[in-house]
Every structure is written in structure tokens, then in C-alpha cells.
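Reader: I am new to this structure and should be grateful for a close look at a single helix.

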Number of protein chains: 2
Amino acid sequence: MVDSKIDWQPLAEIKGLRLGVAAAGIKYPNRHDVAILSVEEGASVAGVFTQSAFSAAPIQVCREHLSAAKNSADQPRLLVINSGNANACTGPSGLQSALDVCGHLAQVGKVKPEQVLPFSTGVIGEPLDASKITAVLEPALESATEAGWEHVARAIMTTDTRPKGACVTLEADGGEISISGVAKGAGMINPNMATMLAFIATDAAIAPALLDCMCRVAANKSFNRITIDGDTSTNDASMLIATGKAPDFPLLESEDDTRYASVLAGIVEVFESLAQQIVRDGEGATKFVEIKVQGGKSAQESLNVAYAVAHSPLVKTALYASDANWGRIVAAIGYADIEKLDATLVKVWLDDVCVVEQGERASNYRDEDGQKVFEQSEFSIVIDLGRGASEESLWTSDLSHEYIRINAEYRS
Amino acid sequence: MVDSKIDWQPLAEIKGLRLGVAAAGIKYPNRHDVAILSVEEGASVAGVFTQSAFSAAPIQVCREHLSAAKNSADQPRLLVINSGNANACTGPSGLQSALDVCGHLAQVGKVKPEQVLPFSTGVIGEPLDASKITAVLEPALESATEAGWEHVARAIMTTDTRPKGACVTLEADGGEISISGVAKGAGMINPNMATMLAFIATDAAIAPALLDCMCRVAANKSFNRITIDGDTSTNDASMLIATGKAPDFPLLESEDDTRYASVLAGIVEVFESLAQQIVRDGEGATKFVEIKVQGGKSAQESLNVAYAVAHSPLVKTALYASDANWGRIVAAIGYADIEKLDATLVKVWLDDVCVVEQGERASNYRDEDGQKVFEQSEFSIVIDLGRGASEESLWTSDLSHEYIRINAEYRS
């Protein structure tokens, strides 16, 4: 059902949402680096933001504007994104730049400044020249159409090698709705530092408070499954918009509504697809690996183990080398700091090949079987802690020469 | 005072400790891969071990034997180390191998099996053939001399490119004592997976309980400053031996003894030198960087920030590229999860160049000044959190192409 091909596949248009772009010359000339999402009146908008102590100026403005919208009939109407400069660690002048962009777009779009949400991605610590952006806001808004998804997907890219989009169409109690979204992000070994931005919209009608919950649940099952400690870059944001323009779809207001589960599942599917596309486009990534931890006492401890394995540079280089060095997996489980973990209950599989039983090499494990799994470009590492019923998954990639090259050369 | 040249410089001999080696052919033929430390009666022995849930068989045996020694007059007398195989994740048969080595060496050395401490380093998860080791224990013990430090330093190497040794000689209230030590370990980006072993000895007379405290303090200021969460590999161990054979040095039993501070300082100096040598020999390392965090509310929060910066792959690749990309440092501080960190109080220096003030780029910072610092092979990143009096340092290295090559090829 999810549409997430490497080559761009058009996304379902979302009635009530128009998308436009422009070239402001922020970092490179003649490249679309400003994008606008224009939301018709009556929509709900929710967002999840970075927890970084150094959250960027636009993130601070987003938080304030969204919080103001909560107690007002004036929901956000315009989202504006720039690539090429993160406007992070830029102090009071950076804050002013973000406010200038909002103020100017509010004038152009005839809404209140608080109804504009700004987003930035790019280099940290460089002053952002707002005038470059404000100069193109009018043409960007004029170019906006319901078919503009691909333009936006490309305009927000930084180190990404491909635009990322996904969509789902589903029926809930007779009303058909669509969910479309785009995302950017590519820093895989430590994605909390590479800005992750996602903009997902549905034509379903969903009350703001419920949409907020659904956005949190979906982000937690997707983008927070590819990062350390949830949202932790200076600029990360995942936005969910419900335009309410689908015919035959009365307002969804409560989790008790029979349509809730299927709508949420559709939203999660789009979020997950985008998150997985970010992993696949990880800087220099040659592998896509699911780390699944079951048998944990709690979700947190399952995730701790999964992150320890996923973030271990030694595991990541073994993935890159296609070397089924399972000892490195076990060592990472060992230092995940799980209280009183009984190593003799731990099992590990590479896809369906059991490699560790009772904390040691499985008696019938053969190196060539593990090797075959590791030679694939996609596979799973499954870990059973043998102490509970919790089960959590996340996705990661390998650590390659190309990662070093990209990150050693970026900015130079 | 500390002797830690790259070319081997002979260490002070420690009366009452003899060191020998042998070639057992564990992984490679004709290479010294077994080492023995033979301690005369009357010595005290202390150790700090990995906290991994998958602690290796020899570590389990070490813990038991040391704990038995605490309630007995029979202090450990023989330490036996093998490289080439970690004897980790090897289950009951691995435990039996470690016990077999102890039993055999006890017979050869005419001590009780509980007076033997075994150590292993190398690949995880491979069965250890104890008979290869037991076959050479007698010649290894026979070869032991007080001048054997260099042989042991080389025999315990795995991915290390150089042997590591340090020594200090000091006077405390008229009694001259020496402290000598060797270590192995080279996995720098995530050293908790590369086994770290250290064997430090002094001819001072120190009571077992006090020696145990001193070992913990010294490890915490050194080896725990280059790892995540302290000791977290399957096989890590730092051992401290006090032979008590120095003339004119009555037993040191209490922290109130006027000699305590100077003896501890000497021990810490040797531990620190060995830890720094491990960083300098980090896999593929081209830089040696001190991360110093001051102005923290507590040691723990200062360390959290230091670790976040030191372990960030993006910071590490910037170090490798000699690119003073300070935004990556700030982003790492931001996600270190410090409660209510006020970004506008944060300052960052590269050596003495102030790059961040009030959470943004320092007004008089010039890129070329930061660049000059980053182009050095050794420098400091100093971070002031502006919220307390705590100050903690740790040492790290960069992430290079060579790191990927070493770790992708190891075992293959």
C-alpha cells in the first residue's frame, strides 16, 4: 500500500494543501531551497520537535506559534522551510531572522504572523540572511499547487541523495482518505545531528488535540526509531496536517471512534516508510538492518539494547564488511546497562539463523549460515532477552568509508 | 616523570614481581601470546573489572578468586594472560578452560588454584583450547624475570600498533618507591568493545583494602575517562599489585597516612599515561584531543557532555578532516540530555580560541583561528556549561578511514 520507490512516484494530492518552492540562493545559486506549504482554513496542524538544549531559532518560533494556536481559532496556515542554513546557534539575530520570515510571509499570505511556522536545515552557526528568503516568498506561494509534493521533497534535501515521499489511501467507515508525506535526512550513524524534517498531511478531518497525540505516537514508532534519545538535533521536526477536506469523513475527535485505529495505522505507515527511507539513504549506507529486541521487561530496556547494538561502530563496520562477527553484537548487548541481565537466557538470530543460545554460540550454528545473512543488503538482527514480553524494533545502516568521506568533506 | 615514549623505554623493575612470556600458537604461530606475572608472597593485589553482562569466563574466575583472597591470608600469586582469544561467550566449557589454566599454573607454580588470576583478550565467541596454554605455562614461568615488562607489553597486544608502558619513581617520607605498568587496547571510538587490559605494580607496601580503593580511584581517573559507562567490554580489567619489597617503606594502611596522597598521585600518573597511550594508539587515530567540561552542576553531567562530544561520529570525522566545524560540538552538547541547560550560558573554546559565547558564535571568532587549532595533532576542546563548579576531562581521538579499514577487516 505504501508508495516509496527510489524513483519519485507521485503522491496522492491532499485537498486543502498546496505546496510551492523557489530558489533563494541561500547556499547554492539556482537551486530550489525555499518551500511553502499553504493550508486552507479549517485544518489542524500538529508537530513534534527536537529536545535539544540548542534548539534552532525556527524551532523556538514554531513551538511558540503552535502553542498560541492551541488557545485560538487561528490554526497555522503557512509552513515555510529553507535548506542551506540551519539558523541554529545564531542567538537573538537568528531569532529575528526567523520572525522576519514569518512576518513577511504572513503579509504575503494575508494571515497572522503566529499562523506561520518556519523550518530550517543546513549548516549550524552561520547567520541566516532573511532577506534572501523574504525576496522569494511571494513567487514561492504563487507557485503552490496540490501537486507540488515532489518539488518540496527536493527543495528540503541537504546531504540526501534522493527525495523521500510516501502515501497511503484507505477507507474508514465508508469515507476514503489519503495520507501523503515527504521527509529529508540522511545522517544515519548519529541521525540526531543531521536534521530530520518531515511533513505529512491527510485530507481527513481530525481535531487538533487528537492530531497532536497521533503525531506523537507516529513519530515515536518511526523517526524516534532511527535516532538516539528521540528527537535530538537542533532542527528536527515532524509535522502532521489534517485539512479536513475529504468528503464523507466527519470530524475524528476521539480514540474511541471506530475509525481511529485504521486512520492511525495509515499515518504510522507513512511515517515509518519515510523513516526507513532516511535509513536507506544514510550517509554512505550499503545495508539496511532491522534490530528487533524481544523478551525485554519494558519497552525502554528493549530499546536500550537495540540502540546499543545499532549505534556500535564495531557492529556497524562488521555490517559494512559483511562479516557476521556476532561477538560484537553480544558485547554491545552486554554494555547496554540492563540491570541484572542473565546472559545465559539471551538468544540472537541473524534473520532465522540462531547464532547465540544460552549466552554462547548456538551448538548447531555454522559460520557460513550467518555469513549468508550478512551478505544480503537487507536483513534482521533479532535478540531475545528472555525476561519479559516487551518487543521493540528499530532500523539502522552500516558505517562505511563513504560515511567518513561525506562527513569529513561536508562544509569544506 | 612519566616515561611513555613510543619506542620502548625500559620500565623500573619492581622487586618481588617477575614477568615471563611464551608462544602458545593460540591464533598465530611463533608469537608470544601467553604472559605470566609472578608475585612473591606478601604482596597485595587489587583489580577493577568490566561491568558487562557478558563478562568473559576469565573475568568471572578473577572475580571469584580475588573475592576468596579477601577473607584469606592467601593473596593472588600468579596472573596469566593470553591474547588471540577472549574466551568470552563460551559458556560452561569456556569457564572450564579458564579454570584448567588456573589449575595447571597452580601446580607448576606450587600455589593454590585460587591464587591464580586468568585474563584473555582477542576474538569473542571462539572456544579457547586450554591445552595450548597449559603446554607452555612451565617455560613461561621459567622465563620470568623482574626485567620482563617489555615482553609482557608486547605479548598482550591485539590490534595495538605499539606496546604501552609507563613508570614513575617517587619519594614518600624518605622511602623511594617505583610504579611500573603495561597496558593493551586500541579501539578508540568505542573502546568498551576493544578489550582494555592493564597491569600496574609498585614495590610499595600497601594493605589490600586500601590498594583496592586506590585501584578504583586511579581507574576512574584514567581508563574510565576513555570509555562509555566505565568498564564495559567483556574482558576489561585493570590490576594493581603492591609487592611491599621497597626498603624503608612501612605498610601504607590508611588514607590518613601522610604518604597516601603522593603515592596515589604516582599511581594515577601511571594509569593516566597508559590510558592516554591507548587513545593515541586508537584504531586509525590521527588526533589526540582532550575534552574538558567545566561549569557543570555535577561530575556526572560534566561527563555526560564530554562523552556526547567525544563519541559523536560527526565531531570525530570533523577532527579527522581538521575542519573546525564547531556546530557539531554544540549540537552534541545539545543532545547530552542535561536538564534545563541554558544554551545562552554555554561557552566553547578550541585550545584558547573562544568560538561560542552566550550559545552562539563568539563575536570576535574567526574561522582561521579555529582552523589553526584543528590542524594540530593534539589540542583541547573546552566547554563551560556556566551552571556549577564541576570540572571533568576525558581523552579521545578521531574517526578515520583507517578505523573503518581495521574494523571491517579484523577477523576476516
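Author: The following account concerns one helix and its surroundings. This is a predicted model, in which local features need pLDDT of at least 70, side-chain atom pairs count only at pLDDT 80 or more, and totals for chains, interfaces and linings use all residues. Residues are numbered from 1 along each chain as its sequence is written, chains are lettered from A and ligands numbered from 1 in the order in which they are written, and side-chain values use heavy atoms, with hydrogens and water left out.

Helix α2 of chain B covers residues 91-109. Helices (H or I, at least four residues) and strands (E, at least two) are DSSP runs, numbered from the N terminus. The expected span of a helix is 1.5 Å times one less than its number of residues; for the 19 residues of α2(B) this gives 27 Å, which agrees with the 27 Å between its end C-alpha atoms.

Within α2(B), the residues B:G94, B:S97, B:A98, B:V101, B:C102, B:L105 and B:A106 are buried, that is, under 20% relative accessible area (1.4 Å probe, protein chains only). They lie on the same side of α2(B), because they cover an arc of only 170° around the axis, the arc being that of the directions from the helix axis to the C-beta atoms. An α-helix has 3.6 residues a turn, so residues three or four places apart point the same way. On the other side of α2(B), B:P92 and B:Q107 are exposed, meaning over 50%.

The cover over the buried residues of α2(B) includes the strands β2 (34-39), β4 (78-83) and β5 (116-121) of chain B. It also includes the helices α1 (57-70), α3 (130-134) and α4 (137-142) of chain B; contact here means heavy atoms within 4.5 Å. After α2(B) comes B:K110, with a positive phi near 55°.
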